[in-house]
Structure formats: structure tokens, C-alpha cells
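Please take me through this model in the viewer, telling me at each stop what to select and what is to be found there.

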Amino acid sequence: MSVKAIALLSGGLDSTLAVKMMLDQGIEVVALNFMTPFCNCTAKTSSCKHEALRVAREFGIPIRVRYKGMEYLKIVENPKHGYGRGLNPCIDCRIFMHREARELMEEEGARFLVTGEVLGQRPMSQRRPILKLIERESGTEGLVLRPLSAHHFEPTIPEKEGWVDREKLLAIRGRSRKEQIRLAADLGVTDYPCPAGGCLLTDPDFAAKLKDLFEHKPDYDLADVRLLRTGRHFRIRPGLKVVVGRNQGENEGLERGARDEDVLVRGDDFKGPYALLREAPTPEDLQTVGRILLRYAHRDRGTIRAQRGEQVDTLAVEGPLADPELLELRIGHHPQASGKACSAGAG
């Protein structure tokens, strides 16, 4: 009877190779993939989940997909072990995933956990003392096999028990991926679109938006977090944030995502970006929003249309917001203010 293992599978190169190495040793693998609002993939067809499902299908192994929901967001908001260069709680994130994997091991009757981690590849979470800490706090000590870097660690339980042949494991370390690419060719792994993966929490612009959300809306929900991926974000005042579409697709997304209590603002007599407000604006607020829309529509004046549920109001606006004022209100990275006009929003 074969030995079963749970493998963390992102769909990237390292985790794909780790799974392939275990399958080649006759290990029965069940993949575990985590969906997160912070995946740095853009197109739906190249998302982390899509790639993990593709790899699992190609290898003929079952896969379990779990979503990092509000419990995980609270970890991001206040991580025990701090942040990396952005708002990324890499250590706490790994502990969270290892705990989830430990639970799945019990459900599936698996004996150990496999990851594609490489010693020294990531400066915060893949250092030797940190890897030991992650195992200790997640309850996976001795159970985590890292096939790509196994010879840089003491033998794990699956190696000691003879479930896995240690001699067939590797000693890769560091940030270069040359050895992994060579290994992929040797193992016949040819399709790996995102070798290094990516996390929006390391992006300064996105991190600033998320930090602003944590500071100004303690009762945020998943929809608020997902909205951070769309448009330009402006903090008009402490109690009011405005999201402005950058193109037709984002305008349509803001319109579809508007709740009954939200306010959707657009040009009434001009084309341009839409704005979504999740809090009730004053007439003065709407003037500011209208001036932002005029700026990106390259208009000197116009009338805006503000809709909340069935209620619709129009308001004449004079003069676009000047670039210094615009940048002062904008949350996150401030690009050069040359801004292209948006045929339905701005570029």
C-alpha cells in the first residue's frame, strides 16, 4: 500500500517539481491549493488556482482548494511575526497554510507534507531558523519534506521511515532558478508560466490601499478587499473613499459590484471614468468626485450623475481637480500626472 502525502501546490515551478519528484518515488499525492485575493496573476486563465488545477490534472492527482477568508485577513492585519517589505506577513502566512495542511493530512490519512520551498530563496520565510519556527508553530515538526532542498536539512520522518529515498532528493538553495529549470527539462515538466509566483501584498501601491482600508474601515469584508484590485483609490476625507475606474472594463465592474447602499457616479453629459463610493457623500464630496472625473475625462466642466439604489441626482461641476490636489488625495503610488484620457475611463 502506497504512502500518502499532502503537497502544497501553487502551480508555480518549484511546487510542481516537488510534486513530480514525489510521484516518481511512488508517493500518493493529494494537492492542496490556496486561493487568495492577493494573488499577483492577472488573467483568469493564468490564475494561481487555474495553474494548480492544470498541474493536478496533468499529473492525475486529486486537489483540494481552500480559500483564505476573513480568518486569514485578520492575520494580515495584525501578524504575530510582522511584515516583509510591504504588507506581506510571510511567516504567519506559511504557518496558516501548514496548519491547514496538517488538518487535511488527518482528513486524508496522509503521513507527511510536501512543499516546493527552497532554502534561502525568499529572504523572510525561507531561512533555516524561520522554517523551523513555522514547523513548530503549525504542529508539523519533522513532517515537512522539501524535496528540492532536502540535503540542507536533517532527515525528516518520511526519510527516516524509508517512505522516501533521500538519495533521490536534491540540495538546491538560493534565489537562482537555473537548477530548477534544468530539473524541469529532465523530468519532462515543460509548462510553468509563473515560476516565482507573486503576491500583491509586496506591491507598495496595493499595500498602501490595504493599510488604508484597515485604518479607516475596521468592519471591512472580503468584497472591500477585492475592490482594492480595481481602479484608482482616493481618500476624500477619513470617512469617505472613492474608487475611480481606469477603463471600460473597470467601469463595468464597478457598476456590477455596486451595492444598494453604494453611490455610483458618472458623467451625465460626458464620457469618462465611473466612481464608486461605499459611504454616503455630502454635496461638497460630490463636487470633489466630479472634479476628479473631469480631470481624467479632460473636461473643464460638466454634469455628473450620482445614483444610489433607485435615487438619482445630478450636479453641475466646474473645473477639474488640479494634479497636486489629485495626488494629495490618491492612496498609494502616485504616478506622473500626465494621465491619459479614458474612452470610458482613464488609462
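Accessible areas here come from the Shrake-Rupley method with a 1.4 Å probe. On that basis the chain of this predicted model has an accessible surface of about 16300 Å², of which 49% belongs to carbon and sulfur atoms.

**The whole chain**

Begin with everything selected: the C-alpha atoms fill a box of roughly 75 × 35 × 35 Å, taken along the principal axes, and the chain has 12 helices and 11 strands. Of its 347 residues, 50% count as buried. If you list the contacts between residues at least 6 apart in sequence, 65% of them join residues at least 24 apart. Colouring by charge brings up 53 positive and 50 negative charges, whose mean positions are 4 Å apart.

**The parallel sheet**

Next, select strands 1 to 5, which form an open sheet in the order 3-2-1-4-5 with parallel pairing. Strand 3 (63-67) and strand 5 (144-145) stand at the edges, and because each has a single partner strand, one side of each is left without a neighbour in the sheet. Zoom in on strand 4 (residues 112-114), which is joined to strand 5 by 2 bridges in the parallel sense; here leucine 113 stands opposite valine 144 of strand 5.

Now add helix 4 (residues 90-108), which lies across strand 1 (4-8), strand 2 (28-35), strand 3, strand 4 and strand 5. Viewed against strand 1, helix 4 runs at about 155 degrees.

**The antiparallel sheet**

Move on to strands 6 to 11, where 6 strands form an open sheet in the order 6-7-9-8-10-11 and the pairing is antiparallel. At its edges are strand 6 (232-237) and strand 11 (311-318), each of which pairs on one side only. Neighbouring strands of this sheet are turned against each other by 25 degrees on average, with direction ignored.

Then select helix 11 (residues 283-297), which packs on this sheet and touches strand 6, strand 7 (240-244), strand 8 (263-267), strand 9 (275-277), strand 10 and strand 11. The direction of helix 11 makes about 65 degrees with that of strand 11.

For the last stop, hide the helix and keep strand 10 (residues 301-308) and strand 11, which run antiparallel and are joined by 8 bridges. Which residue of strand 11 is the bridge partner of glutamine 307? Selecting glutamine 307 and looking across to strand 11 leads to valine 312.

Definitions and conventions
Residues numbered from 1 in each chain as written. Predicted model: local features only at pLDDT ≥ 70, side-chain atom pairs only at ≥ 80, totals over all residues. Heavy atoms only, no water. Pairing = 2+ DSSP bridges. Helix = DSSP H or I, 4+ residues; strand = E, 2+ residues; numbered from the N terminus. Axes fitted to C-alpha atoms, helices over the stretch in contact; angles between N-to-C directions. Contact = heavy atoms within 4.5 Å. Buried < 20%, exposed > 50% of the residue type's maximum accessible area, 1.4 Å probe, protein only. Lys, Arg positive; Asp, Glu negative; His and termini not counted. Charge placed at Lys NZ, Arg CZ, Asp CG, Glu CD.
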